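The exercises below are to be worked with the sequence and the coordinates open. Each task is followed by a solution in steps.

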Amino acid sequence: MAKKIQDIIKSAQIAIPNAINIDDIRTTLASYGYPLPKLEQGNLLLEALIAAQTKQQLEYGDQDKATQTFNDLWDQLDQIYTRQLKLARVALKGNSDAARDLALDGPRRKSFGGWSMQAQQFYAGLAANPSFAAALASFGAPLPEQEAASAALADVIAALRALENERGQAQIATRERDAAIDALDDWLGDFMAVARVAFADQPEHLERLGVTVRA
């Protein structure tokens, strides 16, 4: 796709300006259904594609940054959560209520959705049960650290929402870019077909429009 875009833009950047600016070419093309306003329409399509391509690249850059932010926050919190979970299993060993309310037992889920549900249950359970929080604090995870981790979990979830928004924006920009490709490619295809007829006996003009003519 990237090569196709580059090729279309390159061809249009040669053909359209020369068709507009070279008098002999412009005059002949006008008699073949391509007066100046129609050539300028092609130029507008070229500008629209360049703008759409630039926007699409910027949106995917924003998506990459949002992905990195999300992954970094998730990784940082996962390390803290894992540590506090291990301490809680010791501090609250044999407490069936704590095991249930904090989701202490079993492996941690790998997907963010599953992991975040377990983490949210853990921190919500600590907030709702001061005795659980106090027991954990006595094993090296003080209350401020627990509260900070709970706040960090909200930040991770917010980062995921921001990432999903950037993904959506990137997809919209890609659809707009693809539509701009199709519009210019269609216009340029018709233009080149007509130019080959118009300048069949003037290969030098075809060369100026970017058409390679065999000797």
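## Exercise 1: two glutamines

Gln146 is found in helix 7, residues 143-198. The model is a predicted one.

Task: decide whether Gln146 is buried or exposed, and find which residues Gln146 is in contact with, leaving aside its neighbours within four places in sequence.

Solution.

Step 1. The relative accessibility of Gln146 is 3%. Buried means under 20%, so Gln146 counts as buried.

Step 2. With neighbours within four places left aside, the contacts of Gln146 are Gln84, Tyr123, Leu126, Ala133, Leu136, Ala137 and Ala141.

Step 3. One of these contacts is Gln84, a residue of helix 3 (residues 36-91). Gln84 has 0% relative accessibility and therefore counts as buried.

Step 4. Not counting residues up to four places away in sequence, Gln84 touches Phe122, Tyr123, Leu136, Ala141, Glu145, Gln146 and Ala149.

## Exercise 2: helix 5 against helix 6

Task: state at what angle helix 5 and helix 6 pack, and which residues meet in the contact.

Solution.

Step 1. A pair of packed helices is described by the angle between the axes and the distance between them.

Step 2. For helix 5 (residues 112-128) and helix 6 (residues 130-137), the angle is about 105° and the axes are 5 Å apart.

Step 3. Angles of 65 to 115 degrees count as roughly perpendicular, and helix 5 and helix 6 are therefore roughly perpendicular to each other.

Step 4. On the helix 5 side the contact holds Phe122, Gly125, Leu126 and Ala128; on the helix 6 side it holds Pro130, Phe132, Ala133 and Leu136. These residues divide into seven nonpolar, one polar and no charged.

## Exercise 3: the outline of the chain

Task: state how many helices and strands the protein has, and use the radius of gyration to compare the protein with a compact globule.

Solution.

Step 1. There are eight helices and zero strands. Along the sequence the pattern reads α-α-α-α-α-α-α-α.

Step 2. The radius of gyration is 31 Å, while the globule rule gives 17 Å for 215 residues. The value is well over the rule, so the protein is more spread out than a compact globule.

Step 3. Taken along the principal axes, the box filled by the C-alpha atoms is roughly 95 × 30 × 20 Å.

Step 4. Of the 215 residues, 35% are buried. The accessible surface comes to about 12100 Å², and carbon and sulfur atoms hold 54% of it.

Step 5. Among contacts with a separation of 6 or more, 71% join residues 24 or more positions apart.

## Exercise 4: separation in sequence and in space

Task: for Ala15 with Leu206, Gln63 with Asn165, Asn21 with Leu36 and Ala134 with Val211, set the sequence separation beside the C-alpha separation.

Solution.

Step 1. Ala15 is found in helix 1 and is buried, with a relative accessible area of 0%. Ala15 and Leu206 are 191 residues apart in sequence and 8.9 Å apart in space. Not counting residues up to four places away, Ala15 touches Leu188, Phe191, Met192 and Leu209.

Step 2. Gln63 lies in helix 3 and counts as buried at 15% relative accessibility. The C-alpha atoms of Gln63 and Asn165 are separated by 8.6 Å, with their positions 102 residues apart along the chain. The contacts of Gln63, its neighbours within four places left aside, are Leu163, Glu166, Arg167 and Ala170.

Step 3. Asn21 is in helix 1 (residues 2-21) and counts as exposed at 56% relative accessibility. Asn21 and Leu36 are 15 residues apart along the chain, and their C-alpha atoms are separated by 9.8 Å.

Step 4. Ala134 is found in helix 6 and is partly exposed, with a relative accessible area of 46%. Ala134 and Val211 are 77 residues apart along the chain, and their C-alpha atoms are separated by 79 Å.

## Exercise 5: a backbone angle

Task: state what phi Ala103 has and where Ala103 lies.

Solution.

Step 1. Most residues other than glycine have a negative phi.

Step 2. Ala103 is not a glycine, yet its phi is positive, about 55°.

Step 3. Ala103 lies in the loop between helix 4 (96-101) and helix 5. At 14% relative accessibility, Ala103 counts as buried.

Definitions and conventions: Residues are numbered from 1 along each chain as its sequence is written. This is a predicted model: local features need pLDDT of at least 70, side-chain atom pairs count only at pLDDT 80 or more; totals for chains, interfaces and linings use all residues. Side-chain values use heavy atoms; hydrogens and water are left out. Axes are lines fitted to C-alpha atoms, for helices over the stretch in contact, and angles run from 0 to 180 degrees between N-to-C directions. Helices (H or I, at least four residues) and strands (E, at least two) are DSSP runs, numbered from the N terminus. Angles under 35 degrees count as roughly parallel, over 145 as roughly antiparallel, 65 to 115 as roughly perpendicular and the rest as oblique. Contact means heavy atoms within 4.5 Å. Ala, Val, Leu, Ile, Met, Phe, Trp, Tyr, Cys and Pro count as nonpolar, Asp, Glu, Lys and Arg as charged, and the others, Gly among them, as polar. The radius of gyration is taken over C-alpha atoms; the globule rule is 2.2 Å times the number of residues to the power 0.38. Buried means under 20% relative accessible area, exposed over 50%, partly exposed in between (1.4 Å probe, protein chains only). Accessible areas come from the Shrake-Rupley method with a 1.4 Å probe; for residues, only the protein chains shown count as cover.
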